[in-house]
Amino acid sequence: MKYIAIIMMLIKPIKHCMMLPRDVEEGHFAVVAAKCEKPKRFVVELRCLSNPSFLRLLKEAGDEYGFKHDGAIVVPCNPHELQTILQETEDI
């Protein structure tokens, strides 16, 4: 599946740590919920990659936006939906 490419990018060792925003710690990555008037950025743990709902969002993001871009991963949902999915991951 195509979202495997995104997962591989996320877990690859990062050679240029200076390029990372200061709020993105090791074991985390940035995601932007873009289906709203003002997109909202989240910093999430890698463990959310085991959540089927989050993986569905990654597939939708790949279908809608493609896989090659710099910066945070943009997902096609509203911030409330992403927050709910992230909460599911914390409850696991």
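Modeller: In this predicted model, the protein chain exposes about 6,500 Å², and carbon and sulfur atoms supply 57% of that area. Buried residues make up 35% of the 92 residues in the chain.

Biologist: What makes a residue count as buried here?

Modeller: A residue is called buried because its relative accessible area falls under 20%, and 35% of the 92 residues belong to that class.

Biologist: Which pattern do the helices and strands follow along the sequence?

Modeller: The chain has 3 helices and 3 strands, and read along the sequence they follow α-β-β-α-β-α.

Biologist: How do you know that β1 and β2 pair, and in which sense?

Modeller: Two strands pair if at least two bridges are found between them; strand β1, residues 28-33, and β2 have 6 bridges in the antiparallel sense, so the pair satisfies that definition. Within this pairing, Val31 has Phe42 in β2 as its bridge partner.

Biologist: Why is one side of β2 and of β3 left without a neighbour in the sheet?

Modeller: The 3 strands form an open sheet of mixed pairing in the order β2-β1-β3; β2 (40-45) and β3 (73-75) stand at its edges with a single partner strand each, and therefore one side of each has no neighbour in the sheet. From one strand to the next, the twist averages 35°.

Biologist: Which strands does helix α2 touch, and which does helix α3 lie across?

Modeller: Helix α2, residues 52-65, packs on the sheet and touches β1 and β3, its direction making about 95° with that of β3, whereas helix α3, residues 79-91, lies across β1, β2 and β3 and runs at about 10° to β2.

Methods:
Residues numbered from 1 in each chain as written. Predicted model: local features only at pLDDT ≥ 70, side-chain atom pairs only at ≥ 80, totals over all residues. Heavy atoms only, no water. Helix = DSSP H or I, 4+ residues; strand = E, 2+ residues; numbered from the N terminus. Axes fitted to C-alpha atoms, helices over the stretch in contact; angles between N-to-C directions. Contact = heavy atoms within 4.5 Å. Buried < 20%, exposed > 50% of the residue type's maximum accessible area, 1.4 Å probe, protein only. Areas by Shrake-Rupley, 256 points an atom, 1.4 Å probe, with all protein chains shown as cover.
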